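Reader: I'm in my first year and still learning to read models like this one. Could you pick a single part, look at it closely, and then walk me outwards from there?

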Amino acid sequence: MKRYRWAAGLAAVCGLLMAAPQANAEVEPGGWTPQSPGYKVQEKGCGHVDGLTFSLTCGDTSGEQRGERRYDTYTGGTHQFEGYFRISSMGGSRISLKQTFRDTSGSQGPYFLLAVENGGRLYTVEGGTTVSNAGTVGATVRVNTVNQVGKTHRTYINGSLANTVNSPSGSYYDKFGAYRTSSGNGPITVTWSNVKFWSK
């Protein structure tokens, strides 16, 4: 009888642990505080946003084609983004899925853009460095970016560190969705899920 009670108690504890909300980031050491920054939806050209599903419905190779969420600006500190994306269809190529945008006066502009090519290669738009080949249609990919302002910006794919670049001091904000790069074109439909933010 005692064995059954012990097993039932262990199952109950495990159930509670599984049901409890995750309080800490899963990459890099702890000390993170959960954040809930506000955001604005951006739709331009053939870009559309429906909740966390973002699409470019055309194959145009010019003009601004964008369907994204633009989050609030932050200055200083260390900021982590986490989200999972799944591309359900992709007829185009070279579409940015996640951006860390620099918002400092006199230096505004794209700072780090993670994009996907037809076939699943994930790369940095600035420099073209391959980050992963995990971005295939139908695959669920976990993305973490950690911006240690004034030091480094680190990108993790599926929990593994995949890219590190310098991070100048200043202000930044996060964006994700679907954005046609200067050499890219749609169409694409991508859905994000479990998006979280932390800072420390």
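**A close look at Asp-174**

Author: Let's start with the company Asp-174 keeps: leaving aside neighbours within four places in sequence, Asp-174 is in contact with Arg-69, Arg-70, Tyr-71, Tyr-74, Phe-81, Lys-98, Gln-99, Thr-100, Thr-145 and Phe-197, where contact means heavy atoms within 4.5 Å. Before going on, keep in mind that this is a predicted model, in which local features need pLDDT of at least 70 and side-chain atom pairs count only at pLDDT 80 or more, while totals for chains, interfaces and linings use all residues. Residues are numbered from 1 along each chain as its sequence is written, and side-chain values use heavy atoms, with hydrogens and water left out.

Asp-174 is found in strand S15. Strands (E, at least two residues) and helices (H or I, at least four) are DSSP runs, numbered from the N terminus. Is Asp-174 buried or exposed? Asp-174 counts as buried, because its relative accessibility is 7%; the cut-offs are under 20% relative accessible area for buried, over 50% for exposed, and partly exposed in between, with a 1.4 Å probe and protein chains only. One of its contacts is also a polar one: the side chains of Asp-174 and Lys-98 are joined at 2.8 Å. A polar contact is a pair of N or O atoms within 3.5 Å; within protein, one must be able to donate a hydrogen and the other to accept it, and residues adjacent in sequence count only if both atoms are side-chain atoms. The chain also brings Pro-37 into the picture: 137 residues separate Pro-37 and Asp-174 along the chain, yet their C-alpha atoms are 9.7 Å apart.

Now zoom out a bit. The protein's secondary structure comes to 1 helix and 16 strands, and 44% of its 200 residues are buried. Among contacts with a separation of 6 or more, 66% are between residues 24 or more positions apart.

Back to S15, Asp-174's own strand. S15 (171-185) is among the elements that give two or more residues to the largest nonpolar core, and so are S7 (78-90), S8 (93-102) and S12 (140-148). That core has 30 residues, and those with the most contacts inside it are Phe-85, Leu-97, Leu-122, Ile-188 and Trp-192. By "nonpolar core" I mean a set of buried Ala, Val, Leu, Ile, Met, Phe, Trp, Tyr and Cys residues joined through side-chain atoms within 4.5 Å. As a rule of thumb, nonpolar side chains in soluble globular proteins tend to be buried together. Take Leu-122: beyond four places in sequence, its contacts include Phe-85, Leu-97, Val-141 and Ile-157. Apart from the largest core lies another, of 5 residues, among them Val-27, Trp-32, Tyr-156 and Trp-198.

S12 deserves a stop too, with 7 of its 9 residues buried. S7 and S12 run antiparallel and are joined by 9 bridges (two strands pair if DSSP finds at least two bridges between them). Phe-85 has Val-141 in S12 as its bridge partner. S12 also pairs with S13 (residues 152-157), again in the antiparallel sense, over 6 bridges. There, Asn-147 stands opposite His-153 in S13. The hairpin of S12 and S13 has 3 residues between the strands, and Gly-150 in this hairpin takes a positive phi near 90°.

His-153 leads us to Asn-163, whose contacts beyond four places in sequence include His-153, Arg-154 and Thr-155. Asn-163 sits in strand S14 (residues 160-166) and is buried, at 9% relative accessibility.

Gln-99, which Asp-174 touches, is also among the contacts of Arg-66. Arg-66 is found in strand S5 (residues 66-71) and is buried, with a relative accessible area of 9%. Its side chain makes polar contacts with the side chains of Glu-64, at 2.8 Å, and Glu-68, at 2.4 Å.

Last, the cysteines: Cys-46 and Cys-58 form a disulfide with their sulfur atoms 2.2 Å apart, the rule being a pair of cysteine sulfur atoms within 2.5 Å. Both Cys-46 and Cys-58 are buried. Cys-46 lies in the loop between S2 (39-44) and S3 (47-50) and Cys-58 in the loop between S4 and S5, so the pair ties together parts that are 12 residues apart in sequence. The torsion about their S-S bond is about -65°, so the disulfide is left-handed.
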